[in-house]
Amino acid sequence: MKADVTRSIQQSGRLSLLENAVLVTGGGRYGRGYVYADIPIDPRDWFFACHFHEDPVMPGSLGVEAMLQAMQVYAREQGLGQPRSALPDQTTTWKYRGQVPPERDKVTLEVHVSDVVAGSHITGDASLWRKDRRIYEVKGLGLQLAFSGIA
């Protein structure tokens with residue numbers, strides 16, 4: 001198993017959710033890779049004002065987007081190809097068991113990579129945690145890839 005690699009994520013814009021990611025090649029539940037990442041939460045984040053009138057929380061879809069971003073970091077770092085989009089026709093299931101309220105905090109997520117086909121796709125199972133409670137669980141999350149240099 002390759003040593004852990006920690007990356008500080010340098011993104012900008014409203015949908016840039018990750019702050020740091022730790023990658024473990026050959027790690028995780030399936031032995032194909034593992035990503036652990038942080039998402040800083042600020043009560044002033046734009047999405048709190050837009051979601052659930054008078055009961056603001058982080059939208060669950062943003063948690064899933066953060067999981068896909070973690071898979072994108074993994075794909076880029078491993079040279080698997082250019083991330084394109086969520087994998088079409090992929091059977092994905094998710095469960096929400098809680099919420100992320102507008103408190104100064106951070107949430108963490110993990111992705112256990114289950115399948116890797118360089119230049120085609122990666123799939124995995126992911127969870128998002130607030131403190132020590134798993135609040136989102138996604139199984140069969142897929143990311144479509146293209147070989148680098150292919151538009």
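Start by selecting K139, which is partly exposed, with a relative accessible area of 43%. The model on screen is predicted, and this tour goes from one residue to another within it.

Now add E137 to the selection. The side chains of K139 and E137 form a salt bridge, with 3.9 Å from N to O. That distance counts because the cut-off for a salt bridge is 4 Å. Unlike K139, which is partly exposed, E137 is buried, at a relative accessible area of 12%. Extend the selection to R97 and R134: together with E137 and K139, these residues are linked in a network of salt bridges.

How many salt bridges does the structure hold? The count is 9. Side chains of opposite charge can pair when their charged atoms come close. Two further examples follow.

Select E103 and R130. Their side chains meet in a salt bridge at 2.6 Å, N to O. This pair joins distant parts of the chain, 27 residues apart: E103 is in the loop between β5 and β6 (105-117), while R130 is in strand β7. E103 is partly exposed, at 36% relative accessibility, and R130 is buried, with a relative accessible area of 19%. R130 is placed in the buried class because its value falls under 20%.

Move to R44 and D42. These two also form a salt bridge, and their closest N and O atoms are 2.7 Å apart. Is R44 buried or exposed? R44 counts as exposed, at 68% relative accessibility. Its partner D42 is buried, with a relative accessible area of 15%.

Next come the aromatic rings. The count of aromatic pairs is 3. Show F47 and F48: their ring centres are 4.7 Å apart and their planes stand at 55°, so this pair is tilted. Both residues are buried, F47 at 4% relative accessibility and F48 at 6%. Add W46 to the view, since W46, F47 and F48 form one aromatic cluster.

Now select Y96 and Y136. Their ring centres lie 4.8 Å apart with the planes at 90°, so the pair is edge-to-face. Where in the chain do Y96 and Y136 lie? Y96 is in strand β5 (residues 93-96) and Y136 is in strand β8 (residues 133-146), so the pair links distant parts of the chain, 40 residues apart. Y96 is partly exposed, with a relative accessible area of 39%, whereas Y136 is buried at 1% relative accessibility.

Two loop residues are worth a stop for their backbone angles. Go to E54, in the loop between β3 (34-41) and α1 (60-77). Its phi is near 60°, a positive value in a residue other than glycine. E54 is exposed, with a relative accessible area of 72%. Then find D89, in the loop between β4 (82-86) and β5. D89 has a positive phi of about 60°, although it is not a glycine. At 82% relative accessibility, D89 counts as exposed.

Finish by colouring the chain by confidence. The average pLDDT is 89, and 88% of the residues score at least 70. Which strand has the lowest confidence, and which the highest? Strand β1 (residues 5-8) is lowest, at a mean of 62, and strand β7 (residues 121-130) is highest, at 97. Strand β7 is also where R130 sits, the partner of E103 seen earlier.

Key: Residues are numbered from 1 along each chain as its sequence is written. This is a predicted model: local features need pLDDT of at least 70, side-chain atom pairs count only at pLDDT 80 or more; totals for chains, interfaces and linings use all residues. Side-chain values use heavy atoms; hydrogens and water are left out. pLDDT is the predictor's confidence in each residue, from 0 to 100. Helices (H or I, at least four residues) and strands (E, at least two) are DSSP runs, numbered from the N terminus. Rings of Phe, Tyr and Trp (its six-membered ring) pair if their centres lie within 6.5 Å; planes under 30 degrees apart count as stacked, over 60 as edge-to-face and the rest as tilted. Buried means under 20% relative accessible area, exposed over 50%, partly exposed in between (1.4 Å probe, protein chains only).
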